[in-house]
Amino acid sequence: MAIIGIDLGTTNSLVSIWRHGRAELIPNSLGTFLTPSVVSMDKDGTLWTGTVAREKMHTQPERSAASFKRQMGTSHDFRLGNHIFKAAELSSLILKQLKLDAEAYLGELVEEAVISVPAYFNDEQRFATKQAGQLAGLKVERLVNEPSAAALACRNQTGEDDSQFLVIDFGGGTLDVSVVECFEQIIEIQAVAGDNHLGGNDFDMLITEYFCGQHALDFESMTMSEQNLLLKKAEQCKRELTASQAAMMNYLYREDELGLFLTTADLVRICAPLFKRLEQVVFHALSDAGKTMEDIDQIVLVGGTCKMPAVQQYIGHFLHREPFLAGQPDEIIALGAGIYGGIKERQSDIKDIILTDICPFTLGIGIIDRNNARDHIMSPIIERNSPLPTSKSGFYVTTRDLQTDIGILVFQGESMHCSENLFLGELNLTVPPAPNGQEGVVVRFTYDINGILDVEAENRHGDVVKKLIMNEHIRMDNQELEQKMQELEQLKRPAREQAANQLVFSRGERLYMELLGDDRQVILNLLNWFSGVLEAGSPAAIAAARKKTDDTFNYLESKLYGGV
Ligand code: ADP
Ligand code: MG
């Protein structure tokens, strides 16, 4: 049975499959590869995902959610009308959509998937991603780090078996930089560095702030719809600057037609702090891998933000090297995940590549700080950038006379102070009373291929406690999972074929909001006409009508966002 590869992105998700000796992207019901990671629910409970939901984000923001990957593994609640969801649940709705798209495309049931996650995702975030897959009815064969998937795909594209890559993945919400070595059949990630809060969205935000500054607008006091629309305008302007040297950003704020002329040079100036942060992450990755640019054969640019010429030039400039663009940067990870699906399936036409991932952060336990009894000092057991799977142990002794209980606090992170790292869990083991330092425990950490941590502690008398690190507040057990799955199953999800027609209405409504006067009347008439065709027309007539509405909307859109 087919194993699909999924890039579950903050902004966009894609699905692919290894077939006929290559990884193929699978189109969604609109015929495109990028499915926006957005969910929206109508008043009557109808659930929309992808492009339709992204349009509805503007017309019903209080019933829509985007960028939920940023909250993966946290207890953050997203409210869509009367329903409350966690990020993993919203992600499962996207995954389910991709599963249905793949099934329609392949003509068979799909029950297994390889899903990519940012290398910097911590234990909670990885676990939540696996659960999202389960909620969508997918057995998650493997979580693969996004840079590993990118390296796999690049290696396939360049055909160069042995080389050293610097993969820079700049997406909508995250940045991952990794040093990857391909040698014979082994792809080894040597180091990763990243920033979970740096991506294309931040460019949009800085352009928005600049726009507000120029027009003395207070972003915070705007309604959610106004904010979303302004951010969308900023994003559109940024994309315009990918295609040309200058762009006009127009925004109708209440009664005022506001405009701003921006050049690529302005963009670089406004977003300078982001470029600086990008540079730091790149050097961090190189230094962790013990490499310099001399050792790197190729710089690979991945992620939608790498489409920006300003980003490409900046990278080329500070690394003194022309980067390599691996086809469409925003498709490369999905292709890699698809290739990995093929490897997992052991398809005979694919080389049996071994992909070694690394643990992107340090895992350790907290020990009492003699200078500050209330804080704990981190004692690393598995250091960041260790190859996976890995199993390491440390020995810890009692610190008080007659101590009978040793508490083991498990943390993840790079700070010396546990209070600044992520607390993962706790386990306790008893020891016989003795003078301090005489009794102790061996703590073994086993970090599996998917980045899930298993902790085991053993005292000198053979007593053992084991724990799969869980944060019970966030994680669901099997029964809860089953129940949640049924709840999600009950949501009203329209048939795939309806998305294209619904998109006509949701796009029309969004444009109506943005435009004024005669243009609004044009939209109204068009939507009325389209409703009539939908009721009476043949499939061919409906498709032709969709084409006509698309043409008109594209024209109206160009009036709004046209270049200079
Ligand atoms: P993610 O991995 O976060 O899902 P993607 O790799 O799909 O994200 O990248 C999405 C980001 O790329 C968005 O911030 C989007 O604005 C940006 N982007 C996509 N296309 C372009 C373009 N042509 N020019 C500039 N930015 C772009
Ligand atoms: Mg991505």
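**Aromatic pairs and the ligand 1 site**

A total of 11 aromatic pairs was counted in this predicted model, where rings of Phe, Tyr and Trp (its six-membered ring) pair if their centres lie within 6.5 Å, and planes under 30 degrees apart count as stacked, over 60 as edge-to-face and the rest as tilted. Tyr251 and Tyr253 form a stacked pair, with 6.1 Å between centres and 25 degrees between planes. Tyr251 is buried at 3% relative accessibility, and Tyr253 is buried at 12% (buried: under 20% relative accessible area, exposed over 50%, partly exposed in between; 1.4 Å probe, protein chains only). Ring pairs also join Phe170, Phe203, Phe275, Phe283, Tyr314 and Phe318 into a cluster.

Ligand 1 is surrounded by 19 residues, the closest being Thr11, Gly172, Lys238, Thr242 and Gly304 (a residue is near if one of its heavy atoms lies within 4 Å). By class, this shell holds one nonpolar, 13 polar and five charged residues. A backbone N or O atom of Thr11 lies 2.9 Å from an oxygen atom of ligand 1. Polar backbone atoms of Gly172 and Gly304 lie 2.7 Å and 2.8 Å, respectively, from an oxygen atom of the ligand. The protein covers 93% of the 580 Å² of accessible area that ligand 1 has on its own.

Residues are numbered from 1 along each chain as written, with chains lettered from A and ligands numbered from 1 in written order. Local features need pLDDT of at least 70 and side-chain atom pairs 80 or more, while totals for chains, interfaces and linings use all residues; side-chain values use heavy atoms, without hydrogens and water.

Notes. Polar contact = N/O pair within 3.5 Å; in protein donor to acceptor, adjacent residues only side chain to side chain. Areas by Shrake-Rupley, 256 points an atom, 1.4 Å probe, with all protein chains shown as cover. Nonpolar A, V, L, I, M, F, W, Y, C, P; charged D, E, K, R; others polar.
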